[in-house]
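Work through the exercises below with the coordinates open. Try each task before reading its solution.

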Amino acid sequence: MQLSQFIRQTMKKILTNILLCSFVLLCTSCVEEVDLGYPYHVIFPKEGGEQIITGDESYVSIEITNYDGDTGFSSENEDGTEYDEFEWLKVESKYNSNELKIYAEPNTSGKLRKLYITINSGPEYQEIQVLQK
């Protein structure tokens, strides 16, 4: 009797693990990186400046991150304009639009700087690499 209970418990654990793994794989496949029509790279000179970029799809949220995944902060005006800022980069956007204004502060370090803008459009997203010389 003990052997059959052990076998049943082991089979339950195996089946539970298989179901959990299947669920995790199902959830991770729901979000995918696609080409939303935005450039994959934006380059700023060391003096900084402003660039306006557009894409084919509107977005619902924007996030700026560094290589380690650290993120900046967001704020929103009364007119619906959202501002995302992190380190030396600022992005201005309007909800459900396909245009971004990107501002870079001057680079006084003399080193190449790199950040990432992630544009989320429902279950799809696109990442833009922003470089400053």
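## Exercise 1: Two hairpins

Five bridges join β7 to β8 in an antiparallel pairing. The model is a predicted one.

**Task.** Describe the hairpin of β7 and β8, then that of β6 and β7, and find the residue with a positive phi in each.

**Solution.**
1. Start with β7 and β8. Serine 93 stands opposite leucine 100 in β8.
2. Look at the turn. Four residues lie between β7 and β8, and asparagine 96 there has a positive phi of about 60°.
3. Move to β6 and β7. These strands pair in the antiparallel sense over six bridges. Aspartate 84 stands opposite valine 91 in β7.
4. Here two residues separate the strands, and glutamate 87 takes a positive phi near 50°.
5. Place glutamate 87: the loop between β6 (81–86) and β7 (89–94).
6. Why note the sign? Most residues other than glycine have a negative phi. Glutamate 87 is not a glycine, yet its phi is positive.
7. Check the exposure. The cut-off for exposed is over 50% relative accessible area. Glutamate 87 has 52% relative accessibility, so it counts as exposed.

## Exercise 2: Faces of a strand

**Task.** Which side chains of β2 (residues 41–44) are buried, and which are not?

**Solution.**
1. Recall the rule. In a regular strand the side chains alternate between the two faces of the sheet.
2. Apply it to β2. Val42 and Phe44 point to one face and are buried. His41 and Ile43 point to the other face and are not buried.
3. Find a pairing partner. β2 and β10 (residues 124–132) pair in the parallel sense over four bridges.
4. Pick one bridge: phenylalanine 44 is matched with glutamine 132 in β10.

## Exercise 3: A buried glutamine

**Task.** Is glutamine 129 buried or exposed, and what does its side chain make a polar contact with?

**Solution.**
1. Locate glutamine 129: strand β10.
2. Use the cut-off for buried, under 20%. Glutamine 129 has 17% relative accessibility, so it counts as buried.
3. Look for a polar partner. The side chain of glutamine 129 makes a polar contact with that of histidine 41, at 3.0 Å.
4. Complete the surroundings. Beyond neighbours within four places in sequence, glutamine 129 is in contact with Tyr40, His41, Val42, Lys114, Leu115 and Tyr116.

## Exercise 4: The aromatic pair

**Task.** The structure holds one aromatic pair. Classify its geometry and say which parts of the chain it ties together.

**Solution.**
1. Identify the rings: tyrosine 38 and tyrosine 59. Their centres are 6.4 Å apart.
2. Classify. The planes are at 55°, so the pair is tilted.
3. Place both residues. Tyrosine 38 is in the loop between β1 (32–33) and β2. Tyrosine 59 is in the loop between β3 (49–54) and β4 (61–65).
4. Conclude: the pair ties together parts that are 21 residues apart in sequence.
5. Add burial. Tyrosine 38 is buried, at 2% relative accessibility. Tyrosine 59 is buried too, at 2%.

## Exercise 5: The core and a threonine

**Task.** Which residues touch the most other members of the largest nonpolar core, and which elements give two or more residues to this core?

**Solution.**
1. Begin with the trend. In soluble globular proteins, nonpolar side chains tend to be buried together.
2. Count the members: the largest nonpolar core has 21 residues. Leu89, Leu100, Ile102, Ile117, Ile119, Ile128 and Val130 touch the most other members.
3. List the contributors of two or more residues: β2, β4, β7, β8 (99–104), β9 (113–121) and β10.
4. Zoom in on valine 130. Apart from neighbours within four places in sequence, its contacts are Val42, Phe44, Trp88, Leu89, Arg113, Lys114, Leu115 and Ile117.
5. Compare a polar residue in β4, threonine 65. Threonine 65 is buried, with a relative accessible area of 10%.
6. List the contacts of threonine 65 outside four places in sequence: Asp70, Thr71, Phe86, Leu115 and Tyr116.

## Exercise 6: The whole chain

**Task.** How many helices and strands are there, and what share of the residues counts as buried?

**Solution.**
1. Count the elements: one helix and ten strands.
2. Read them from the N terminus: α-β-β-β-β-β-β-β-β-β-β.
3. Take the burial. Of 133 residues, 31% count as buried.
4. Take the surface. The chain exposes about 9000 Å², and carbon and sulfur atoms supply 54% of it.
5. Finish with contact range. Among contacts with a separation of 6 or more, 55% come from residues 24 or more positions apart.

Terms used:
Residues numbered from 1 in each chain as written. Predicted model: local features only at pLDDT ≥ 70, side-chain atom pairs only at ≥ 80, totals over all residues. Heavy atoms only, no water. Buried < 20%, exposed > 50% of the residue type's maximum accessible area, 1.4 Å probe, protein only. Pairing = 2+ DSSP bridges. Contact = heavy atoms within 4.5 Å. Areas by Shrake-Rupley, 256 points an atom, 1.4 Å probe, with all protein chains shown as cover. Phe/Tyr/Trp six-rings, centres within 6.5 Å; stacked < 30°, edge-to-face > 60°. Polar contact = N/O pair within 3.5 Å; in protein donor to acceptor, adjacent residues only side chain to side chain. Core = buried A, V, L, I, M, F, W, Y, C linked by side-chain atoms within 4.5 Å.
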